[in-house]
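Welcome! Please take a moment to look over the sequence and turn the 3D view around before you read on.

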Amino acid sequence: MQVHLNPPLEPGSAPRHAAAIVATAADISGAELDYSPESIVVVEDIVDGFRAEGVTGEEMAESLVAFGCYVGEVLTRHAGGAWRPALSAQVTTVPLVVELPDARECHPIDWVFRRLRRGSDVSLRALCAAAGTEHGPSDARTHE
């Protein structure tokens, strides 16, 4: 998949892509994304809307990556994570992850693409909660 982002997607630019999608979502749909764990449901609703329209990950790649950056920023702010290049062979969308303080890798961009493909079977909110944004770390696998 080719994604053309400006600036290019890397650990230092992920917060800027998140901020851009916050502004875009507010302008287009009036959605309020405030970087709280509770706001992840808004991202799920937006992605579910894309799914209902029948769009593909290829068609919405830049927006989905930006929403993934937003989800990743929630992880950095509420679970103490940090953006870094992916080391894992499990990356399917982009080679950028959020590493949690306990060294777990989270793949928020992949999560958003999976939500588009599989719908409510992929709960972004549950994945973030498992990463420790709401109730502390759990045994749930965060790299799926």
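Here is a short briefing on the overall fold, the sheet, one arginine and a pair of rings.

What you are looking at is a predicted model. The protein chain contains 5 helices and 3 strands, and along the sequence these come in the pattern α-α-α-β-β-β-α-α.

**The chain as a whole**

- The protein chain has 144 residues, and 49% of them count as buried.
- About 6,900 Å² of the protein chain is exposed, with carbon and sulfur atoms supplying 51% of that area.
- Among contacts in the protein chain with a separation of 6 or more, 57% join residues that are 24 or more positions apart.

**The sheet**

- Strands of a sheet pair through backbone hydrogen bonds, and the pairing can be parallel or antiparallel.
- Here 3 strands make an open sheet in the order β1-β2-β3, with antiparallel pairing.
- Which strands lie at the edges? They are β1 and β3 (105-106), each of which pairs on one side only.
- Strand β1 and strand β2 (residues 96-99) run antiparallel and are joined by 4 bridges.
- Two partnerships can be followed from β1 into β2: A82 has E99 as its bridge partner, while W83 has V98.
- On the other side of the sheet order, β2 and β3 pair in the antiparallel sense over 2 bridges, and the bridge partner of E99 in β3 is E105.
- β2 and β3 also form a hairpin with 5 residues between them. In its turn, A103 has a positive phi of about 80°.

**A closer look at R84**

- R84 belongs to strand β1 (residues 82-85).
- Is R84 buried or exposed? Its relative accessibility is 15%, so R84 counts as buried; the cut-off for buried is under 20%.
- The side chains of R84 and E105 make a polar contact at 2.8 Å.
- Leaving aside residues up to four places away in sequence, R84 touches P11, P95, L96, V97, E99 and E105.
- E105 therefore appears twice in this picture: it touches R84, and E105 is also the bridge partner of E99.

**Aromatic rings**

- A pair of aromatic rings is described by two things, the distance of the centres and the angle of the planes.
- The count for this model comes to 2 aromatic pairs.
- In one of them, the ring centres of Y35 and Y70 are 5.0 Å apart and the planes stand at 35°. Why is this pair called tilted? Planes under 30 degrees apart count as stacked and those over 60 as edge-to-face, and the rest are tilted, so the angle of 35° makes the pair of Y35 and Y70 tilted.
- Y35 lies in the loop between α1 (14-29) and α2 (40-53), whereas Y70 is in helix α3 (residues 61-78). The pair therefore ties together parts that are 35 residues apart in sequence.
- Both tyrosines are buried: Y35 has 13% relative accessibility, and Y70 has a relative accessible area of 0%.
- Y35 has another partner too, as the charged end of R77 sits over the ring of Y35, 3.6 Å from its centre.

Key. Residues are numbered from 1 along each chain as its sequence is written. This is a predicted model: local features need pLDDT of at least 70, side-chain atom pairs count only at pLDDT 80 or more; totals for chains, interfaces and linings use all residues. Side-chain values use heavy atoms; hydrogens and water are left out. Rings of Phe, Tyr and Trp (its six-membered ring) pair if their centres lie within 6.5 Å; planes under 30 degrees apart count as stacked, over 60 as edge-to-face and the rest as tilted. Buried means under 20% relative accessible area, exposed over 50%, partly exposed in between (1.4 Å probe, protein chains only). A charge sits over a ring if NZ of Lys or CZ of Arg is within 6 Å of the ring centre and within 35 degrees of the ring normal. Contact means heavy atoms within 4.5 Å. Accessible areas come from the Shrake-Rupley method with a 1.4 Å probe; for residues, only the protein chains shown count as cover. A polar contact is a pair of N or O atoms within 3.5 Å; within protein, one must be able to donate a hydrogen and the other to accept it, and residues adjacent in sequence count only if both atoms are side-chain atoms. Two strands pair if DSSP finds at least two bridges between them.
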